[in-house]
Amino acid sequence: MDNSELVVAASEKTDMDVELQPSEFTDEVPDSGEALGDTNATLETENREIQTFFSAMEQRFNDIEFEEENGIPTLPFLESCYAIVPVLDKLGPTVFAPVKLDFVGNIKKINQKYITDSIRFTTLQKIVLYELETDEATVRNSATEALLWLKRYLALRAAPFYEGFMAALAVNEGDEQNEAFYEGMKRDLSQYLPAMGKQIEILDALYEEYNLESDEVV
């Protein structure tokens, strides 16, 4: 499966425009109290903190706490990966169907290994090292192979200018038109991407150490 299609980072492109409706003019003088209330409501809407796809996640890479020797906890990592899936549906359930199928499939393969011995396989590194000891690491559909593709997907974390990308990262329709949304995106991505990148670096080092990065593995 070609892993170049995965979209897990933000871009500056949006295809959603809000249609502005002209105000109706009237000779009636508005009540001052009502006008003030409307103004305050507008300001409150403009100043509210807008959630993004990343801030609304139940489990994020930047929530993960490493175990000893930079051990990446298996279950939180898989949950963080799975939390990305809904944005693929928003971007296009048909276009991104193959990507989603492969991405989720790799998550499930690792999880299947994890549940066979959740006490032993508390970190991703322990799974890989175990499969190396048992000569399973290079076997097709192994957890090690699945993790290889999963981290490759995550490493390709940008597909700039994809139509509708920013709208897909908005929790509420139309939020991407608000300046506060872009501020929220900057805030969330400044925490999310470095954390994800750190975990990819740790896994890359592990795979390089044991010569598992080669395409011959898969």
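**Helix packing, core and salt bridges in an all-helix model**

Residues 24 or more positions apart account for 77% of the contacts in the protein with a separation of 6 or more. The model behind that figure is a predicted one. Its secondary structure adds up to 8 helices and 0 strands, and reading along the sequence gives the pattern α-α-α-α-α-α-α-α. Of the 218 residues, 41% count as buried. The protein exposes about 12800 Å², with carbon and sulfur atoms supplying 49% of that area.

On the inside, the largest nonpolar core has 53 residues. Phe61, Phe77, Phe103, Leu154 and Leu169 are the members with the most contacts inside this core. Two or more residues each come from α2 (74-82), α3, α4, α5 (124-133), α6, α7 (165-168) and α8. Helix α8 gives the largest share, 12 residues.

Leu203 offers a handy look at α8, the helix in which this residue lies. Leu203 is buried, with a relative accessible area of 1%. Setting aside neighbours within four places in sequence, Leu203 is in contact with Ile72, Phe77, Leu124, Leu147 and Lys151. One of these, Phe77, also ranks among the core residues with the most contacts. A further link across the sequence involves Asn70: the C-alpha atoms of Leu203 and Asn70 are separated by 10.0 Å, although their positions lie 133 residues apart along the chain.

Two of the contacts of Leu203, namely Leu124 and Leu147, turn up again where α5 meets α6. These two helices pack at an angle of about 135°, and their axes are 9 Å apart. Because angles over 145 degrees are needed for roughly antiparallel, α5 counts as oblique to α6. On the α5 side the contact is made by Leu124, Ile127, Val128 and Glu131; on the α6 side, Ala143, Thr144 and Leu147 take part.

The loop between α5 and α6 holds Asn141. Its phi is near 70°, a positive value in a residue other than glycine. That is worth a second look because most residues other than glycine have a negative phi. Asn141 is partly exposed, with a relative accessible area of 47%. Asn211 is another case, with phi near 55°, again positive in a residue other than glycine. This asparagine sits in the segment after α8 and is exposed, at a relative accessible area of 60%.

Turning to charged side chains, the count comes to 11 salt bridges. One of them joins Lys100 and Asp89, with an N to O distance of 3.0 Å. Lys100 lies in helix α4 (residues 97-116) and Asp89 in helix α3 (residues 85-91), so this pair ties together parts that are 11 residues apart in sequence. Both partners fall in the partly exposed class: Lys100 has a relative accessible area of 29%, and Asp89 has one of 33%.

Helix α6 takes part in salt bridges too. Lys151 pairs with Asp204, and their closest N and O atoms are 2.5 Å apart. Since Lys151 lies in helix α6 (residues 143-155) and Asp204 in helix α8 (residues 179-209), the pair ties together parts that are 53 residues apart in sequence. Lys151 is buried, with a relative accessible area of 2%, whereas Asp204, at 24%, counts as partly exposed. Lys151 is also one of the contacts of Leu203, the buried leucine described above.

Arg152 forms a salt bridge with Glu213, where the closest N and O atoms are 3.6 Å apart. This pair links distant parts of the chain, with Arg152 in helix α6 and Glu213 in the segment after α8, 61 residues apart. Arg152 is buried, with a relative accessible area of 14%, while Glu213 is partly exposed at 26%. Lys151, Arg152, Asp204 and Glu213 are linked in a network of salt bridges. In that network, Lys151 and Arg152 are the buried members, and Asp204 and Glu213 are the partly exposed ones.

Notes:
Residues are numbered from 1 along each chain as its sequence is written. This is a predicted model: local features need pLDDT of at least 70, side-chain atom pairs count only at pLDDT 80 or more; totals for chains, interfaces and linings use all residues. Side-chain values use heavy atoms; hydrogens and water are left out. A salt bridge is a side-chain nitrogen of Lys or Arg within 4 Å of a carboxyl oxygen of Asp or Glu. Helices (H or I, at least four residues) and strands (E, at least two) are DSSP runs, numbered from the N terminus. Buried means under 20% relative accessible area, exposed over 50%, partly exposed in between (1.4 Å probe, protein chains only). A nonpolar core is a set of buried Ala, Val, Leu, Ile, Met, Phe, Trp, Tyr and Cys residues joined through side-chain atoms within 4.5 Å. Contact means heavy atoms within 4.5 Å. Accessible areas come from the Shrake-Rupley method with a 1.4 Å probe; for residues, only the protein chains shown count as cover. Axes are lines fitted to C-alpha atoms, for helices over the stretch in contact, and angles run from 0 to 180 degrees between N-to-C directions. Angles under 35 degrees count as roughly parallel, over 145 as roughly antiparallel, 65 to 115 as roughly perpendicular and the rest as oblique.
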